[in-house]
Each structure stands twice: as C-alpha cells, then as structure tokens.
Amino acid sequence: MSAEKITAESRTEFGKGAARRIRRENKVPAVVYGHGNDPIHITLPGHDTMMALKHGGANALLELDIDGKSTLALTKQVQVDPIKRHLEHIDFVVVRKGEKVTVEVPVHLNGEAAKETLVVVGTATIQLEAEATHIPEFVEVDIEGLEAGTQILASDLTLPQGSTLLLDAETLIVNITEAQSAEALEAELEEAEAEAGIERDESDAEAAEAAEGDAESTEAADEE
C-alpha cells in the first residue's frame, strides 16, 4: 500500500470552536502522535483527505507534508459525522519505512459456496503485524464451491508477504453450514417460543376466516 501525499498545515488553535471553524472551511482537524515526540496538531484539506482514506481503507497510510517536512503517518482513528458523513477529526501515528505495525484488517469473501449452504463469518477482521508501507487493505478468503461442513480457520488464511498473523490459529474465520428450510426455521421458532412461554395469537388469515364464519352463521340465523 503506497502512501498518498497530502499537504497539511500546522495549527495552534484548539477546542470545539476552532474545530468548527476549520470544518466550515472544508478542512479537517487532526493530530499526529508517535516516536516519543510531542503531538502535532494539523489541518488537512477535506476532499483530498476523504479520497485518500477511501483509497487506503481502514489503515490508510499518508505522506503528510507539514510545513515543508515529510512525515509518514498511519491512520489510527477517524471520527465521522453520523448524519452529514463529513470527517470531523483524525488521529495519526508516525511510522517509518520498514517499521512493523499492528493493524486490524478486514476479511473479504471471494466466490460463492455450494448451493443450499449458509456462509457464516465468524471473524470479520483479523489482527496482523505488517510493515507500515506494506499493510494489506484486506485478506481474501476463497469460498467458491465449498460444501456444508467446511470450516476455515485463521491458520488456513493466505497472508500477504511480510505479514504475520497475531491471532489464535484455531480462530474460526468462516463456517459453511446447511441452509435451513422454511419449515425447519418455523419449527425452531415455535420451540423457542414454547420454551419462553410465549403463546402465539391467531394469524391474520385465521382471524379473518373465523370472522367470516361468524358472519355467515349470523346471516343464516337471520334468514331463519
């Protein structure tokens, strides 16, 4: 994963008011930590930063130009407005070429399992140690044609060169099971409700039939 270059500006204003002013200018407040240095507070261009994070994924590596000095920084935490979806704040950690870092990497499934199977992802992300400049965006798991009963463990994963798994080898990543029929699901639901002491009400269709029968009986009585 190559680092995308972003020009940053150092900042001396802090607090919520300063952050709001920065965002109104379509910029993003951020902090860079690491290697025993004091935190560096910076401002980043909003659009360019958003695109860099989209390209790099959860562990985007950026080459920040801060006041003319180049710094390699790994994304550690991103705060996004839940409604407007714009970037609110980013935490970075300084890294060096060749340095090993610990990251969480998502699992991507490739292909389709055999018919009438259910694919259950037991672990959606895995922890790896990788070189800061060679962090994989994801780890691919091939499930094409796999039959029910197949289990893929962490030890079965094919990792990118230079990456080391930091996860128990027996951790279940993907489990292929038989898909349940509608009848089996209904039976399980009824059993669960019975154990919980829940009594089912009449369905709408049954209630409608009962109401219709009552109406017919009333009409017949009136005619007599």
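Two strands pair if DSSP finds at least two bridges between them. Strands S8 and S13 pass with five bridges. The legends below follow that and other features through a predicted model.

**View 1. Strands S8, S13 and S11 meet around Val174.**
S8 covers residues 117-121. S13 covers residues 172-178 and runs antiparallel to S8, with five bridges joining the two. Across from Val121 stands Val174 of S13. Strand S11 (residues 151-153) also pairs with S13, in the antiparallel sense, over three bridges. Here Ile152 stands opposite Val174. Val174 therefore faces Val121 on the S8 pairing and Ile152 on the S11 pairing, as the cut-off of at least two bridges counts both as strand pairs.

**View 2. Leu109, Val119 and Val121 make a nonpolar surface patch.**
The patch measures about 200 Å². One of its members, Val121, lies in strand S8. How accessible is Val121? Its relative accessible area is 39%, so Val121 counts as partly exposed. Patch members must have over 30% relative accessible area, so Val121 passes that test.

**View 3. An open sheet of four strands is ordered S10-S7-S9-S12.**
The pairing in this sheet is mixed. Strand S10 (139-142) and strand S12 (164-165) stand at the edges. Each has a single partner strand, so one side of each lacks a neighbour in the sheet. S7 spans residues 100-110 and S9 spans residues 125-131. These two strands run antiparallel and are joined by seven bridges. Lys100 faces Glu131 of S9 across this pairing.

**View 4. Glu104 sits in strand S7.**
The strand assignment places Glu104 in S7. Is Glu104 buried or partly exposed? With a relative accessible area of 38%, Glu104 is partly exposed. Setting aside neighbours within four places in sequence, Glu104 contacts Asn59, Thr125, Ile126 and Gln127. Ala124 is 20 residues from Glu104 along the chain, and their C-alpha atoms are separated by 9.8 Å.

**View 5. Strand S6 pairs with S2 and with S5.**
S6 (residues 87-94) is mostly covered, with six of its eight residues buried. S2 (residues 27-33) runs parallel to S6 and is joined to S6 by four bridges. Val31 has Asp91 in S6 as its bridge partner. S5 (residues 69-80) runs antiparallel to S6, with seven bridges between the two. Val80 has Leu87 in S6 as its bridge partner.

**View 6. Arg85 lies in the hairpin of S5 and S6.**
Six residues stand between the strands of this hairpin. Arg85 takes a positive phi there, near 65 degrees.

**View 7. Helix H1 has a buried side and an exposed side.**
H1 runs over residues 15-24, and Ala18, Ala19 and Ile22 are buried in the helix. Why do they share a side of H1? They cover an arc of only 100 degrees around the axis, which puts them on the same side of H1. An α-helix has 3.6 residues a turn, so residues three or four places apart point the same way. Lys16 and Arg24 are exposed on the other side of H1. Cover for the buried residues of H1 includes S2 and strand S3 (40-45). After H1 comes Asn26, with a positive phi near 60 degrees.

**View 8. Glu9 and Lys27 form a salt bridge.**
The salt-bridge count comes to one. The closest N and O atoms of Glu9 and Lys27 are 3.4 Å apart. The pair links distant parts of the chain, with Glu9 in strand S1 (residues 4-10) and Lys27 in strand S2, 18 residues apart. Glu9 counts as partly exposed, at 42% relative accessibility. Lys27 is also partly exposed, with a relative accessible area of 26%.

**View 9. The whole protein holds four helices and 13 strands.**
Of its 224 residues, 30% count as buried. The accessible surface comes to about 14,300 Å², and 47% of that belongs to carbon and sulfur atoms. Among contacts between residues at least 6 apart in sequence, 61% join residues at least 24 apart.

How values were computed:
Residues are numbered from 1 along each chain as its sequence is written. This is a predicted model: local features need pLDDT of at least 70, side-chain atom pairs count only at pLDDT 80 or more; totals for chains, interfaces and linings use all residues. Side-chain values use heavy atoms; hydrogens and water are left out. Buried means under 20% relative accessible area, exposed over 50%, partly exposed in between (1.4 Å probe, protein chains only). A salt bridge is a side-chain nitrogen of Lys or Arg within 4 Å of a carboxyl oxygen of Asp or Glu. Patches are made of residues with over 30% relative accessible area and no salt bridge: like charges are joined within 9 Å, nonpolar side chains (Val, Leu, Ile, Met, Phe, Trp, Tyr) within 5 Å. Accessible areas come from the Shrake-Rupley method with a 1.4 Å probe; for residues, only the protein chains shown count as cover. The arc is that of the directions from the helix axis to the C-beta atoms. Contact means heavy atoms within 4.5 Å.
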